[in-house]
Structure formats: structure tokens, C-alpha cells
Amino acid sequence: MAVREDIAETAVAAPRLGGLTVPAWQRLILVAALIVGLALPLFLKNFHVFQLTLVMVYAIAILGLNLLTGINGQFSLGHSAFYAIGAYTTAILMDRFGVPYFLTLPAAGVVCLVAGFLFGLPALRLEGLYLALATFALAVATPQLLKLSILEHWTGGVQGIVIIKPDAPFGLPLSQDRWLYYFTLAVLLLMFVAAVRLVSSRTGRALKAIRDNPLAAKAMGIDTAFYKSMAFGVSALYTGVAGSLGAIVVQFVAPDSFTFFLAVSFLVGLVVGGVGSIPGALIGGIFIMYIPNLAEQVSKGLAWAVYGAILILVIYVMPTGAAGFVRLVTGRLARLMSSNR
Amino acid sequence: MELFLHQLLAGIATGGIYACMALAVVMIYQSIDHFNFAQGEMAMFSTYIAWQLLAWGFPYWIAFAFTIVISFIAGVVIERALFKPIRNAPVLSHIIVFIAMFSILNSIAGFIWEHTIKSFPSPFPSQPLFNNRLIGAHDLGMIAVTLILLVLLYVLFRHTRLGLAMRAAAANPDSARLVGIRVGWMVALGWGLAAAIGAVAGMMIAPVVFLEPNMMLGILLYGLAGAVVGGLTSPVGAVLGGFAVGIVENLAGTFVPVIGKELKLTIALVLIVAVLMVKPSGLFGRTAVSRV
Amino acid sequence: MTSRRTLLTMAAALAGAALISSPSLAQKKYDPGASDTEIKIGNINPYSGPASAYGLIGKTLEAYFKKVNAEGGVNGRKLTFVTYDDGYSPPKTVEQARKLVESDEVLLVFQSLGTPGNTAIQKYMNGKKVPQLFVATGATQFGNPKEFPWTMGWQPNYQSEGRIYAKYILDKHPNGKIGILYQNDDYGKDYLKGMKEGLGAKAATMIVSELPYEVADPTVDSQIVTLKSKGADIFFNVATPKFAAQAIRKAAEIGWQPVHLLNNVSNSVGSVLKPAGLEASKGILSTGYIKDSTDPTWKDDAGMKEWIAFMDKYFPEGDKTSSFTVYGYAVGQSLVQVLKQAGNELTRENVMKQAANLKNVEINVLLPGIKLNSGPNDFFPIEQMQMQRFTGDRWELFGPIMSGEIGS
């Protein structure tokens, strides 16, 4: 919420202050957002801190999807599966093996990287709608696989696994919720910085080249098969880490938590935030966390209808998502300023 | 062997459901080059309209015809009102609007007609044909209706100027516009026809699975799968694909040991993905050649 | 005063309430969510999403508390009902439970629905020491006072019901071959467990086939065909209304006529048996604890008449053929009973204490003879059920009132 306000305010303020270039503004917003992000939990009830933590968790998951769809141009309706794998990896490691929560994160990431890469290999042969169907199938199959009775010893079957919420370390005077917030924030920053680096690297350029023109990319000597599978793997890694964090924050995993509707939520977050935009993921996270609650407040019986109406409205106002919208507005403002001069 | 035969026939019966839905999927694909994720919900909503008409005392076939007409008009209106304004937005934005439509239709249907299951009448006799115990009269009737729809669609696409124009508008809008096809209206017409086929599918399916707001949730997935396996460009392929999915699902659920009964759906989906990897455009689809 | 009395439909309950609450009348004690004028009750229900059919229970409760308030409230206090939607998704349940406890500061969370959601919040609620009262699920894990003293169930648990059918089978068809259809989730597996425990050593030989289905499956036809061909002559139908109705119809269609045991979840005449076909449903056996609103047996029943009056006045848009509206009415009355007993000591601890102190409480829409009983070591208020047979237009009760005796 805070971040969105920041963007709006500064965007409006731009012509008055002038002088600063767009990247400078971006840096300024980033610093402001970081300060707000650090200070916010100190002024909020634990419950709201918990909600904000979930926003960040969803943002990481959406970022993962964004790396696949926005940067590499592959489509997925199945990211709830990787979120689930991450969550279950953490839950099983914590509950069955007593592994500390922070160590389960990299484990969940690695497991999902491998799972994503392996799924990406056959998915190479599929494009567009066919890939959509394959990933859709993955999302639908996930809860069934988690329930499978021969895996019950590990997954807890239909009952799921309850895990214990970690306390703040070193005797820090922080509630469990605040501590998890900062922990998640740290992971979020790490993941976002890594994503920015990745996108602007050689690899990132190769991924984008594949998105924009697969044939030309191939002709230039890019190993499209490898890069596309890798994009799937990295994307799954992000979403898996998010799932892992989500499990710790919610303290519970069960097959019903990872249905196809979760995958749809991620997709909604991706598009609302802006396909291809890294900060957009955060806006997407905010959207999928708070808008359903808002819809519920408007009407209980018709909550989904209200949610749908809001979605349509958002797409009409911002057909390219929040990130595209901000770009559009700042672009216009910049032009306005230069013509005034 | 007896079990095999029974499962095969039960598979054909449920396959009929999927085939019916797969046809609607192919129809919309032919006109917008995409899936419509809200298609199942549109069909469900149409079926509720039919149910309401029947509840008001209309005879079955009158209600049937009315529902088709209403659905057709609704389909056209939805395209004109919701999708025309964003026709230049990215594909993903369209998908979000599909999702929005899905939730709106699902929510409103539950709000108006409650979630309690309703029985929906079948136009076919309740006694099975020739007194067999293997396949019900409604199942056979549904298959017949699907085949009739298939023939109509085939004729439309292959042997009429309108069908050709629709296919052109979907496949290559710019060139279509150049030769004087009103692309926007072709798309709207496609929406209308898809909604009408969906309505027929809904009215055929509801007597089997009972009418309730979530009745299409699983069926749409199977219908999509059927359409994709058969080939999205081929109505014949889609119908065969629908039957194939029904049969494979039942046989896998019955005869795959240990995990079969729990993973009926998953096994069917894995097989579909496997088919796609060997034949990426489906069993009966034409291979798409893209211009560089 | 008179209006308060009208709430108490059962004289016995009234006497019990007065007796227990009198000592605490002297001093008033409140926890968050309670005051001289108000008692705040939290609730979580799936109003949206695939399980939204259950949202009807939440809406019934809302209407019922309106009635209670219109008639003077509980011990002079108005009930404020705060209900949220979780879409049957456990992470959302956690969020909403925390919102209720930390933001709305309710006295208790009541009738949160579904096993996964309740499992997800059980640890939290017990950690916070906020009652998670009368959860809307029959899973056995919600009646474990030693480990979770703040969580209590209400309806007969699924496992006990499974045992009741097992008892019946062993008694009447000791050489039968049982085929089971169950929903592949905690609910289905609890019934399965109860049935197997009830059959004991004979389970392995008697059960010839147990087949799961998924909620996303379009039909259960394939499973029914298999069950028939495995030679089952007893059919245990553990499915939710839609699938139960499909199973009944398909069995009739393929000429399979087993002894048909239908789980209580799906024995509504109006919303299951009628759509499935009354002729096909004839002879089906089930258990009951609640009066069926569509069953003509209760046409002139005082309790059901009161319920109809309530529906007409406070919830006219509600579905009278659904068992959920009767269920909501019954469980709402149970909560009011607990709050009455708690008197002026409206602390969370006392709410749990009184909930665990229900003695032969009768609710007028439960079957005659079924009473609510709980104790410090008994967190299953309703454990009794009676078997019934469908005659083609109504349920006919038979045999004694039974209990599954779980854990005993």
C-alpha cells in the first residue's frame, strides 16, 4: 500500500521539483520505500504486519512468474505447484527433521530449481496455448499428488502439516510476526536485487531475445532450449522460496492451500503489477492480498463478482498493468515539462 | 473383460460430455485464436437460464431454443462491451478479463439460484435403449446432439463464405481487413456461436452432473484437454479428443495399479501432455507455419 | 423479560442455565469482545470459491442472531456477529482468524468451517487462548481437550458415524461384501477410518473395493461401475450432495441394488434424494441427528414450525430445502445456550468452561431424544445418532439411538 502511494505522490510531484532525471527519481523512490518498509511494522498491529509479510511472500512468487512470463515470454498457469513444492519442502524439513527454518529456504529453492528445470525440458516442445494447458494441468494435479496415500508419511496426506512459528533470534525484542516480517523483507530484497542483476546480465538479454524473437535468437547462437528450461527453473526457484516463506508465516501446509486458484492469483498479480516489471510484482502482491478483502467488504454474497468487476476496471484503466501505467504517466509528465521549458 | 467393457462405455458416456464442451472450445478458438477460461461458466449460466425458463413453465424445446438465442446474443454483447475496448491490450490482459468474467458469472449464479444442486430434465427417454444396462438413453442422446453440432460446425467452416471469413479474421486479422472482412463483427459472431454451443453443451451435461454453479469447473479442463489433444483447428479432432480423454481417464482410473484410482485425472493429463510433445498441434490439427 | 423467555424453548435448558449462571451474577467479568451491552462473535465461512455452498450456514447464523437480538439478546446483551470469507483456503483462514482476534477483538470464534481451515488455526487459537467453539466439521481432531483445550466440535464426528454403519453391517450382513466411494480428503478418510475400525479384523475381508473421487471430477460413474463389477452388495456412499446424488442415480441406472448406506452429510431429501430420483433412493439407509426440512414427518412438529417462522421473518431469501439452514439454526441455539450459562462472567475461560458443561440440552430441530452433552473430557457435544431408512418420500427412523463411542 505504502509503496503505491509513494509512486503516485512522487509522480505527481515530478514537474514541480524538476531537475532530477527519471533514474534519480527511481533511486529516491527506492530509498523512500525501503525506509517505509523498515519502519512500517513498528507502527502496526501484529495482524497487519502478518498481512504485509504475506504481501511480500506473494510478491516474490509473482516475481518468479514474471521472470518466466515477462522476461522469457513463456506462459504458466501452474506456478501454484512450485509454491506448493517449496512450502512442503520447508514443512517436511522442519517438522520431520527439525531443520531450522532459515536453512529450509535454500533447500526449497534448490528443490524447485530442479523441479522447474525438469518440467521446463518437456515444456520446451510446447508453445503458447499448449504450454498453458500443460501448466494448467500441473496446477490441477498438484493437490492430488500431495494427497497421494503412498506419500502420506511425508506429506501428512489430506491433514497437512502444522509447523511452529520461529521466535526472533539473539533475544531481539521483536514479536514473532515482526521478526518474520524483517526476515521476509531481507529475503525479498535479496531476491529482487538478484532479479534485477539477472535481467540486465548477458543471460537476461538472451532470455529477452528468446521472448522477442525466438528464431532470431536461435540464429544468433543462443541455446534456446537451455535458456528456456533454465528460465523455468529460476522462476520455480523464486516461487518455491516464496512458498517456503509462506509456509513459515502461515504455520500450516495442506493440499487445499495450493489449488489452481492460487496459480490464477499469481497470474492476476503479475498482470495487474505489470508484465516484465520487477517492482510491479510488489504491486501485484498488494493487489492479490487486499483486493479480495475489499470485495468482501462491499458484498459478502457477491464478493467474487465485485472482485471480477474491480479486475475488469483495472485492466481498462491500466491495460499494461501498474508498471505500464506509471511509465505512461511519467512519460507524459516528462514531455509536459520539456515543452513548458 | 466385462469390467473393461463397462468402463469403456462409461468412458464414452463421460467422453460425450467433454466432446460437447470441446466443440465450444474449438469454436471460440477459431474466432479469437485463444481459449476463453470463462467458457464453462458461460455455459453454466446459460443452463440456469434454461432451468429458469422451464421453472416458469415453458415446454422443453421452446426453453431450449430460447436459451440458445439468449446465449448467442449475450455472447455477442459480451464481446462488444467487454473485449472490443481492450482489443489492443496484451493477451495476458485478456486472460485476466476472462478470469474476471469467470468469477462474476460464478458468483452471480450462486447468488440468484443458490448452490443446492438442481436436477435438470433430459429431453430423451428415461428408459435405456433396447433395455441395455450399459449406456443410458441420455448419454446416447447427448452423443447424437454432439455429432449434429459437429456436422453444423463443419459445414459452417468448410463450406460457407461466412465460416471462411471467420477463420480468416481469427488467423490473420490484418489481411482479412484488407480483403474487406469486418473483423470486429466476425469475432463477435464467433463469441455468439461459442456461447450458443456452450449453452447446448450445458443443457446436455446438466442432466448428468446436476446443475450447480461449480458444475463446469472440472468439465472445462477436460474439454480443453480434449480439444487440444484432437487439435484446436479441427472440430472432428476435438470431438474425438473429448471421447479419448473420457475413455483414457476411466481406464487409467480402473486399471493402473496402486496410484490409478487416486490419480485418475493426473494420469489422463500426463498422457495428454505426452501426446502434445509428440504431436504439438494435436492429433488432427494442422501444423501452424509462422511467418518470420 | 418475556422476550428473553421466548428464546428458551426447552424448560430443562432454562433450569440448567439459571442454576449454573446464578453464582456469577454477582460479579461481572469481561474479556475482549464482551461488555455490558454487547458480545462480539467471530466466524469464518467460505462465502466464495468452490465450497461456497456452505456459506449458507454463515448467512443463517447472521439471521438467527438478528432474531436473538430482536428478542432482547442474551442476558440483556446484543450479539454482534462478525463473519469473514476464507474461500476454503487455509492461508486465508489464518488471516481472517487473526483479523477477528487481533483487529476486531471478538470474544470467541464460532463455527469456523472446514477441516483444513480449522487445522490451520487450531494452534494459533489455542496459543492466544481464544475459544474456537463448535467448529463446523466432524473431524475427530477437534475434540481433544488435553492438547487443545480451546477447540471444540459440535456435530457428530465422521468417525463415530462410520462406526455406527459398521455396527449395523456386522449385525445384519456379517457376510456382506462392502464397496466404498469416498471423497479424497479428510472428511472421506475419517468415515473410512471409522468404518474400518468398526469392522475390526473383518475389514480386510469384507471391504472388496474402496474408491476415491476428487471434487473436480465431473462424475463418479466410473467408480460406481467398478464397485458393481467387484461384486459389492453393500455400498457405503461417503460423498457430498452432488456426487452422492450422482452415485444413487448411476447405481439405479446400471441395475445395481446393494444395501446402500448414505453418509449423513448427503441425506437431505430436498437437495440430494429428490434430484437423484425418489424411486432410485428407496430403501437407502442413513443416520440422522437433525430434522430434515423437506421430510413430511415433521410437517406439524413444533420445533420445525418455529424454524419456518424464523426463516420467513429473518431469512426469507434463504433456501428452505437445504439442511444447512436447519443446521445453522441448531448450532446458533447451542451457542446462545452456552452464553446464557456464562451469565455475567463473559471471559474466554468461562465460555469454554460452560461449553464443556452442557447437560442434556435439547435443541428443537434435532431429532427427538438427541441431546447435547459435554464435559471437561468430552469435547464432542453431539455423539448420538439414529439410523433411518428412506421410504420413497420420507426418512423412517428405526432402531435405538446410537453413539459411535469414539475413544472409549
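Let's start with chain C and its open sheet of four strands, ordered E3-E2-E4-E5, with parallel pairing. Strand E3, residues 78–85, and strand E5, residues 132–133, stand at the edges. Each has a single partner strand, so one side of each is left without a neighbour in the sheet. Keep in mind throughout that this is a predicted model.

Look at one edge of that sheet. Strand E4 of chain C, residues 108–110, pairs with E5(C) in the parallel sense, over two bridges. C:Phe110 stands opposite C:Leu133 in E5(C). Now go to the E3 side. Helix H3 of chain C, residues 55–70, lies across strand E2 (38–45) and E3. That helix runs at about 165 degrees to E3(C).

Next, the other sheet of chain C. It is open, with seven strands in the order E7-E6-E8-E9-E10-E12-E13. The pairing here is mixed. Which strands stand at the edges? E7 and strand E13, residues 395–403. Each has a single partner strand, so one side of each has no neighbour in the sheet. Neighbouring strands are turned by 20 degrees against each other on average, direction ignored.

Two pairs from this sheet. Strand E9, residues 259–262, and strand E10, residues 285–288, both of chain C, run parallel and are joined by two bridges. There, C:Leu261 stands opposite C:Leu285 in E10(C). E6(C) and E7(C) also run parallel, joined by six bridges. In that pair, C:Ile178 stands opposite C:Ile207 in E7(C).

Stay with E7(C). Is this edge strand buried or exposed? Five of its seven residues are buried, so E7(C) is largely enclosed by the rest of the structure. One element to look at there is H9(C). H9(C) lies across strand E6 (178–183), E7 and strand E8 (234–238) of chain C. Its direction is about 175 degrees to E7(C).

E7 and H9 bring us to the contact between chains C and B. That contact takes 29 residues from chain C and 33 residues from chain B. Which elements of chain C supply at least two residues each? Strand E7 (207–213), helix H9 (221–229), helix H10 (241–253) and helix H11 (269–276). On the chain C side, the residues divide into eleven nonpolar, twelve polar and six charged.

Now the other contact of chain B, with chain A. Here 36 residues come from chain B and 34 residues from chain A. On chain B, the elements giving two or more residues are H4, H9 and helix H11 (264–278). H4(B) gives the most, with 13 residues. By class, this side of chain B has 30 nonpolar, five polar and one charged residues.

Let's go inside chain B. Helix H1, residues 2–32, packs with helix H10, residues 235–255. The angle is about 145 degrees, and the axes are 6 Å apart. H1(B) passes H10(B) in a right-handed crossing. The contact between H1(B) and H10(B) has 17 nonpolar, nine polar and one charged residues.

On to helix H2 of chain B, residues 39–55. A quick length check first. At 1.5 Å a residue, its 17 residues should span 24 Å. The end C-alpha atoms are 24 Å apart, which agrees.

How many of the residues of H2(B) are buried? Twelve of 17, so to speak of H2(B) as mostly covered is fair. Among the buried ones are B:Met42, B:Met44, B:Phe45, B:Tyr48 and B:Trp51. B:Gln39 and B:Glu41 are on the buried list too. What covers them? The cover of the buried residues includes H1, helix H3 (60–83), helix H4 (91–113), helix H8 (183–209) and helix H9 (217–230) of chain B. So H4 turns up twice in this talk: in the cover of H2(B), and in the contact with chain A. Just after H2(B), B:Gly57 takes a positive phi of about 100 degrees.

One last residue, B:Val151. It is found in helix H5 of chain B, residues 137–159. Buried or exposed? B:Val151 has 12 C-beta neighbours inside 10 Å, and therefore counts as exposed. Its C-alpha atom is separated by 8.8 Å from that of B:Val236, 85 residues apart along the chain.

How values were computed. Residues numbered from 1 in each chain as written. Chains lettered and ligands numbered in written order. Predicted model: local features only at pLDDT ≥ 70, side-chain atom pairs only at ≥ 80, totals over all residues. Contact = placed C-beta atoms within 7 Å. Nonpolar A, V, L, I, M, F, W, Y, C, P; charged D, E, K, R; others polar. Axes fitted to C-alpha atoms, helices over the stretch in contact; angles between N-to-C directions. Left-handed = near helix turned anticlockwise from the far one by under 90°. Pairing = 2+ DSSP bridges. Expected span 1.5 Å × (residues − 1). Buried ≥ 20, exposed ≤ 12 C-beta atoms within 10 Å, placed from the backbone.
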